[in-house]
Structures are given as C-alpha cells and as structure tokens.
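This report describes selected parts of one protein chain for a reader who has not seen it before. The sequence and the structure come first, and the notes follow.

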Amino acid sequence: MGEPQQIIQTLLRRTNLLMAGKRIAITADVPGLAERLQRMGAHPGAALAEADIVIGATDPALLRPGTILAVPYPQKTGVRLREGVTELDGVYVVDLSC
C-alpha cells in the first residue's frame, strides 16, 4: 500500500483535512501508520461504523455517510468531486495511488 508518510501526505493533500481529533480505522497492513497518525493527534483503532476515516479496503456500505475511505486504486464509479476524490453513496473515496 505504501509507506506511512506517503499515505498520510496523499490523504492530506487530496482532502485538505487535519488529522487531529479524527477517529481512524486501519484495515491495511502498514507498519508504523497508526503510530504516525497518533503523533498527529488522530485516534487510530476506531471501529468501521464509528470512523471518520478508513484507510484500506472495505465495503463502503459498512460506513456511515460522510466517512472518508482511502484506498489505492479505487473503483472508478461514483461522482468525481476533485482530482483523486469521488463520492459513492455518501462515502468519500480518496485514491491513494500517486
């Protein structure tokens, strides 16, 4: 999936978000990602249904509306909002592939 810093930088660049206070679920195997996010003020380890941001592949139907789903090489369906960001059934899908 990539290095933790690359994942975080791509997510921040495409969304213009700050990580502080965000509840994050990580479904991908990326060593060191949770620690980096925690140092930025985020709260990794959230359940899918409660997360503000989900990093890694999962079914968008499991997420609440407004959740950001960050995945490499997402499906090309949905409404394109800006480069690398689409909206699919109320979930914002961010393309982490650079």
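## Val93 and its surroundings

Leaving out residues up to four places away in sequence, Val93 touches Leu69, Val71, Pro74, Gly84, Val85, Thr86 and Leu88. The model is a predicted one. Val93 belongs to strand β7, which covers residues 91-95. Its relative accessibility is 7%, so Val93 counts as buried, the limit for that class being under 20%.

Gly66 is 27 residues from Val93 in sequence, and the C-alpha atoms of the two are 10.0 Å apart in space.

## Asp95, a buried charge

Strand β7 also holds Asp95. Is there a salt bridge for Asp95, or none? Asp95 is buried and has none. The nearest side chain of opposite charge is that of Lys76, at 4.1 Å. A salt bridge requires a nitrogen and an oxygen within 4 Å, so a pair at 4.1 Å is not counted.

The side chain of Asp95 does reach the backbone nitrogen of Tyr73, at a distance of 3.5 Å. Setting aside neighbours within four places in sequence, the contacts of Asp95 are Thr10, Arg14, Val71, Pro72, Tyr73, Pro74, Lys76 and Gly84. Val71, Pro74 and Gly84 are also among the residues that Val93 touches.

## Two residues with positive phi

Tyr73, whose backbone nitrogen is reached by Asp95, lies in the loop between β4 and β5. With a relative accessibility of 69%, Tyr73 counts as exposed. Its phi is positive, at about 55 degrees, although Tyr73 is not a glycine. Most residues other than glycine have a negative phi.

Asp89 also has a positive phi, near 55 degrees, and is likewise a residue other than glycine. Asp89 sits in the loop between β6, which spans 85-88, and β7. The relative accessible area of Asp89 is 72%, so Asp89 is exposed.

## Salt bridges around Asp52

How many salt bridges does the count give? The count comes to 2. One of them joins the side chains of Arg23 and Asp52, with a distance of 2.9 Å from N to O. This pair links distant parts of the chain: Arg23 is in strand β1 (residues 23-26), Asp52 is in the loop between β2 (43-44) and β3 (53-55), and the two are 29 residues apart. Arg23 has a relative accessibility of 36% and therefore counts as partly exposed.

Asp52 also forms a salt bridge with Arg64, where the closest N and O atoms are 2.7 Å apart. Arg64 lies in the loop between β3 and β4 (68-71), while Asp52 lies in the loop between β2 and β3, so this bridge ties together parts that are 12 residues apart in sequence. Arg64 is partly exposed, with a relative accessible area of 30%. The side chains of Asp52 and Arg64 are also joined by a polar contact of 2.7 Å.

Taken together, Arg23, Asp52 and Arg64 are linked in a network of salt bridges. Not counting residues up to four places away in sequence, Asp52 touches Gly21, Lys22, Arg23, Arg64, Gly66, Thr67 and Ile68.

## Ala49 in the loop between β2 and β3

The loop that holds Asp52 also contains Ala49. Is Ala49 buried or exposed? At 52% relative accessibility, Ala49 counts as exposed, since the limit for that class is over 50%.

Apart from residues up to four places away in sequence, Ala49 touches Leu62 and Arg64. Arg64 is thus in contact with Ala49 and in a salt bridge with Asp52. Ala49 and Pro65 are 16 residues apart in sequence, and their C-alpha atoms are 9.8 Å apart in space.

## A nonpolar patch at the surface

Which residues make the nonpolar surface patch? The patch is made by Val79, Leu81 and Tyr92, and has an area of about 270 Å². Val79 is in strand β5, residues 79-82. The relative accessible area of Val79 is 48%, so Val79 is partly exposed. Residues need over 30% relative accessible area to be part of a patch, and Val79 at 48% is therefore past that limit.

How values were computed: Residues numbered from 1 in each chain as written. Predicted model: local features only at pLDDT ≥ 70, side-chain atom pairs only at ≥ 80, totals over all residues. Heavy atoms only, no water. Patch = residues over 30% accessible without salt bridge, like charges linked within 9 Å, V, L, I, M, F, W, Y side chains within 5 Å. Areas by Shrake-Rupley, 256 points an atom, 1.4 Å probe, with all protein chains shown as cover. Helix = DSSP H or I, 4+ residues; strand = E, 2+ residues; numbered from the N terminus. Buried < 20%, exposed > 50% of the residue type's maximum accessible area, 1.4 Å probe, protein only. Lys, Arg positive; Asp, Glu negative; His and termini not counted. Polar contact = N/O pair within 3.5 Å; in protein donor to acceptor, adjacent residues only side chain to side chain. Contact = heavy atoms within 4.5 Å.
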